[in-house]
Amino acid sequence: MAVFARRAEQSRLGGVGQARNSMDRAAYLLLNRLDQEGPMGVKALAAGMGIDSSTVTRQVAPLVDSGLVSRATHPEDGRAVVLQLSERGHARLEEVRTSRRALMALVTEQWSEEERTAFTTLLTRFNASLCDITASLPPAGPTS
């Protein structure tokens, strides 16, 4: 498991071409969530990612500064802020996704279609089971 986790981390940072190693994990996850779920507030984004709002606020700041994420006023509550993926953010996310897909294609190019399908099915099942189990565990408390 430790070797798998290390290799997965390396591939996360990887990719091929110019986008290789060009986006950190937090930025990728935030951009991906905004792309998948659409515009949302900091609290909703934090809840969906399982982290606290202050962490999201800190991680989003450089994405806003670089033009990958934009802030807008909530349409129903003018006091609230909604974060959304900008056109530039969408283009950048697609560039990184394409690079990572190319890396995965290289990794699995010697695999049969059946092997790729089995791997995808089992990895999806593994991730869902891990998510279910971790969601049911009590929050970790301070250690003594």
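"Buried" here means under 20% relative accessible area, "exposed" means over 50%, and "partly exposed" is anything in between (1.4 Å probe, protein chains only). This is a predicted model, so keep in mind that local features need pLDDT of at least 70, side-chain atom pairs count only at pLDDT 80 or more, and totals for chains, interfaces and linings use all residues. Residues are numbered from 1 along each chain as its sequence is written, and side-chain values use heavy atoms, with hydrogens and water left out.

**View 1. The whole chain has six helices and two strands.**
Helices (H or I, at least four residues) and strands (E, at least two) are DSSP runs, numbered from the N terminus. Follow the sequence along and you get the pattern α-α-α-α-β-β-α-α. The chain has 144 residues, and 23% of them are buried. A contact means heavy atoms within 4.5 Å. Among contacts with a separation of 6 or more, 50% link residues 24 or more positions apart. The chain exposes about 10000 Å², with carbon and sulfur atoms supplying 56% of that; accessible areas come from the Shrake-Rupley method with a 1.4 Å probe, and for residues only the protein chains shown count as cover.

**View 2. Trp-111 and Phe-119 make the one aromatic pair found in the whole structure.**
To pair up, rings of Phe, Tyr and Trp (its six-membered ring) need centres within 6.5 Å; planes under 30 degrees apart count as stacked, over 60 as edge-to-face, and the rest as tilted. In this pair the ring centres of Trp-111 and Phe-119 are 5.3 Å apart and the planes sit at 85 degrees, so it is edge-to-face. Trp-111 is partly exposed, at 30% relative accessible area. Phe-119 is partly exposed too, at 38%.

**View 3. Five residues make a nonpolar patch on the surface.**
Meet Met-1, Phe-4, Phe-119, Phe-126 and Leu-130, which build a patch of about 520 Å². Patches are made of residues with over 30% relative accessible area and no salt bridge, with like charges joined within 9 Å and nonpolar side chains (Val, Leu, Ile, Met, Phe, Trp, Tyr) joined within 5 Å. Which helix gives the most to the patch? That's α6 (residues 113–136), with three residues. Leu-130 is found in helix α6, and with 43% relative accessibility it counts as partly exposed.

**View 4. Leu-45 sits in the largest nonpolar core.**
A nonpolar core is a set of buried Ala, Val, Leu, Ile, Met, Phe, Trp, Tyr and Cys residues joined through side-chain atoms within 4.5 Å. The largest one has 19 residues, and the members touching the most others are Leu-31, Leu-34, Leu-45, Val-60, Leu-63 and Val-69. At least two residues of this core come from each of α2, α3 (42–49), α4 (53–65), β2 (81–85) and α5. Helix α2 gives the most, with five residues. Zoom in on Leu-45: leaving out residues up to four places away in sequence, Leu-45 touches Leu-30, Arg-33, Leu-34, Met-40, Val-56, Val-60 and Leu-83. In soluble globular proteins, nonpolar side chains tend to be buried together.

**View 5. Val-42 meets Ser-53, which is 11 residues away in sequence.**
Val-42 is found in helix α3. Its C-alpha is 6.1 Å from the C-alpha of Ser-53. Setting aside neighbours within four places in sequence, Val-42 is in contact with Ser-53, Val-56, Thr-57 and Leu-83. Buried or exposed, or something in between? Val-42 counts as partly exposed, at 23% relative accessibility.

**View 6. Asp-35 and Arg-97 join two helices with a salt bridge.**
A salt bridge is a side-chain nitrogen of Lys or Arg within 4 Å of a carboxyl oxygen of Asp or Glu, and the count by this rule is five. In this one, N and O are 2.9 Å apart. Asp-35 lies in helix α2 and Arg-97 in helix α5 (residues 87–107), so the pair ties together parts that are 62 residues apart in sequence. Asp-35 is partly exposed at 25%, whereas Arg-97 is buried at 8%.

**View 7. Glu-37 and Arg-33 form a salt bridge within helix α2.**
Their closest N and O atoms are 3.2 Å apart. Glu-37 and Arg-33 are four residues apart in α2 (residues 25–37), so about one helical turn separates them. Glu-37 is exposed, at 53%, while Arg-33 is partly exposed, at 25%.
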